[in-house]
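Student: I should be grateful for a close look at one part of this protein, set against the whole. Please take the strands towards the end of the chain and the loops that join them.

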Amino acid sequence: MENYICETCGTQYPASYRPPESCPICDDDRQYIGSQGQKWTTMAALRATHTNPLKEEEPSLTGIGSEPGRHERRLASRVGF
Ligand SMILES: [Zn+2]
């Protein structure tokens, strides 16, 4: 079984033998589905083609991004030290 991930919004779904019929997030009118229709991936497939490098943005602030990606990154800060 796999935990399928929607390629458009990145939502990961509970383990199943087949990809879900649709992604409820992308089915919402405020979201979209790509011109090639609903596409799914898995963590194993993403690990083969992507990395998540950590970058020290400044002291106690670490950036985490995905490459290749949409140039988005998450920030993790250490507080209280
Ligand atoms: Zn989706």
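Tutor: The account below begins with the whole chain and then turns to the part requested. This is a predicted model, in which local features need pLDDT of at least 70 and side-chain atom pairs count only at pLDDT 80 or more, while totals for chains, interfaces and linings use all residues. Residues are numbered from 1 along each chain as its sequence is written.

The protein is assigned domain 1 (1–49) and domain 2 (51–81), with bounds that come from an automatic or database domain assignment. The centres of the two domains, taken over C-alpha atoms, lie 24 Å apart. The protein contains two helices and five strands, in the order β-α-β-α-β-β-β along the sequence. Because its radius of gyration is 16 Å, well over the 12 Å that the globule rule gives for 81 residues, the protein is more spread out than a compact globule. That radius is taken over C-alpha atoms, and the rule is 2.2 Å times the number of residues to the power 0.38. The C-alpha trace spans about 45 × 30 × 25 Å along its principal axes.

Helices (H or I, at least four residues) and strands (E, at least two) are DSSP runs, numbered from the N terminus. Of the 81 residues, 5% are buried. A residue counts as buried if 20 or more other C-beta atoms lie within 10 Å of its own, as exposed if 12 or fewer do, and as partly exposed in between, with C-beta atoms placed from the backbone.

The requested part can now be followed along the chain. The loop between strand 3 (54–58) and strand 4 holds S60. This residue, S60, has a positive phi of about 70° although it is not a glycine. S60 is also exposed, with 12 other C-beta atoms within 10 Å.

Strand 4 (61–65) is followed by a loop that leads to strand 5 (73–77), and P68 lies in that loop. The peptide bond between E67 and P68 is cis, with omega about -10°. Beyond this loop, strand 5 runs antiparallel to strand 4, and five bridges join the two; strands pair if DSSP finds at least two bridges between them. One of the partnerships links G65 with R73 in strand 5. Strand 5 itself is hardly covered, as the count of buried residues among its five residues is zero.
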